[in-house]
Every structure is written in structure tokens, then in C-alpha cells.
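This report walks through one protein model for a reader who has not met it before. Please keep the sequence and the structure in view while reading.

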Amino acid sequence: MGLVGVAVVLAVTWPAARARSKGAAAIDPKAVVDAHNRVRAKHCAPPLQWSAKVAASAQRWANNIRDRGCALGHSGGQYGENLAAGTSGMLDAAAVVGMWYDELKHFNFRSGGFSMKTGHFTQVVWRGTTAVGCGRSQCNGLDVWICQYDPPGNVEGQYRQNVSPLGCR
């Protein structure tokens, strides 16, 4: 069963000391975890924990995107990944997770499966994911957020057991 790619959605920085990334304000790991766990609870997904190891990977990728002139794209690494970008200073953890979660309205719970319109949502609520780490960079007037997930979600053939409807039916 192969992993399916997820569209661009989030990058956040929260290594242990709340490191700053060339012009990007420090990110609050608790705010990121809380934003994820609020929406995960609606789908009976267990709470995520912050992972400094995953966050370091996400921050490396956020820095790489910045250093390449803000060309958004996935890292292709070992973790699930959501990316987002928006006007500098306008996105916080709740807004970024909210953008991803909003894809819920396009997800077909009866058929399940991956879609480019819902891949961020399904990664956020994926039951089998236990840890999150994010990084953030700034370039061209944008804050670029990268959140990575361990173990990754969006595994073909596993949607029904990992993505529950609202109310956990």
C-alpha cells in the first residue's frame, strides 16, 4: 500500500527552543497541537503529540523552500506533510489548520480514498498519526508553513479505518 501525495498546506517552526527562521516569528507548538487536536476530536482521532524530531525536518524543508525563492512543493520525505502559505503575519496555527480542515466539505466518507481536494483534511484527522511537527519560513512577503506527520496518513486502502465522519460513526 503506497502513500499518496498531499497538496500544499502548512509549515510551522517549533523545535525545542522556539527557534526563529530568518524573519519568521517563533511558532507556539502548543497552539499547533491544540488546533489539530480540536478538530481531530470531532472525528474520534486520538490526540497528537509534538515531535521535536519531526519539527526539525519540517523546518529544514521550510528553509529549503525559502532558499529556493518560495517555490512551494513537497519534500518527498518519510513523513506526511501539509503546506500552506499566506501574507506574512496573517496566518496563525488555528487559521492554517482551519484551512486544511475546511476540505472536510469535499470528502466523501462513503467511498473514502485520496483526493487533491481533501488530502490536507484527511492527514489532519488520520487516526493512525500520533505526532506532528511544524516549521515556518518567510519569503516574498509570505509566511510558508510546513507541518509533517508521523506516521504519515493518506495511505491508500486505509481511509475507512483512519478517517471517521463527524460524530465518529
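Is Phe 107 buried or exposed? In this predicted model, Phe 107 counts as buried, because its relative accessibility is 10% and the cut-off for buried is under 20%.

**The aromatic rings**

A search of the whole structure finds five aromatic pairs. One of them is the edge-to-face pair of Phe 107 and Phe 109, with centres 4.8 Å apart and planes at 80° to each other. Phe 109 counts as partly exposed, because its relative accessibility is 25%, a value that falls between the limits of 20% for buried and 50% for exposed. Phe 107 also forms a pair with Phe 121, and this one is tilted, with 5.8 Å from centre to centre and 55° between the planes. The pair of Phe 107 and Phe 121 links distant parts of the chain, since Phe 107 belongs to the loop between α3 (93–101) and α4 (119–125), while Phe 121 is in helix α4, 14 residues apart. Both Phe 107 and Phe 121 are buried. Ring pairs join Tyr 101, Phe 107, Phe 109 and Phe 121 into a cluster.

**The fold as a whole**

The secondary structure of the protein consists of five helices and four strands, and from the N terminus on these elements follow the order α-β-α-β-α-α-β-β-α. The protein has 169 residues, of which 50% are buried. Among the contacts with a separation of 6 or more, 75% come from residues 24 or more positions apart. The accessible surface comes to about 7600 Å², and carbon and sulfur atoms account for 54% of that surface.

The mean pLDDT of the protein is 87, with 85% of the residues at 70 or more. Over residues 1–23, however, the pLDDT is below 50, although this stretch has 106 contacts in the model beyond near neighbours in sequence.

**The sheet and its helices**

Four strands form an open sheet in the order β1-β3-β4-β2, and the pairing is mixed. The edge strands are β1 (49–50) and β2 (80–87), each of which pairs on one side only. Helix α2 (residues 52–67) packs on the sheet, where this helix touches β1, β2, β3 and β4 (142–150), and its direction makes about 25° with that of β3. Strand β1 runs parallel to strand β3 (residues 131–139), and two bridges join them; in this part of the sheet, Trp 50 stands opposite Val 132 in β3. Helix α3 lies across β2 and β4, and runs at about 115° to β2.

**Backbone angles in the loops**

Most residues other than glycine have a negative phi, and most peptide bonds are trans. Two residues with a positive phi are listed below.

| Residue | Phi | Place | Relative accessibility |
|---|---|---|---|
| Cys 70 | about 80° | loop between α2 and β2 | 12% |
| Asn 154 | about 55° | loop between β4 and α5 | 0% |

Neither Cys 70 nor Asn 154 is a glycine. Cys 70 is buried, and Asn 154 counts as buried too.

The loop between β4 and α5 (159–162) also holds Pro 151. A cis peptide bond joins Asp 150 to Pro 151, with an omega of about -15°.

Key
Residues are numbered from 1 along each chain as its sequence is written. This is a predicted model: local features need pLDDT of at least 70, side-chain atom pairs count only at pLDDT 80 or more; totals for chains, interfaces and linings use all residues. Side-chain values use heavy atoms; hydrogens and water are left out. Rings of Phe, Tyr and Trp (its six-membered ring) pair if their centres lie within 6.5 Å; planes under 30 degrees apart count as stacked, over 60 as edge-to-face and the rest as tilted. Buried means under 20% relative accessible area, exposed over 50%, partly exposed in between (1.4 Å probe, protein chains only). Contact means heavy atoms within 4.5 Å. Accessible areas come from the Shrake-Rupley method with a 1.4 Å probe; for residues, only the protein chains shown count as cover. pLDDT is the predictor's confidence in each residue, from 0 to 100. Two strands pair if DSSP finds at least two bridges between them. Axes are lines fitted to C-alpha atoms, for helices over the stretch in contact, and angles run from 0 to 180 degrees between N-to-C directions.
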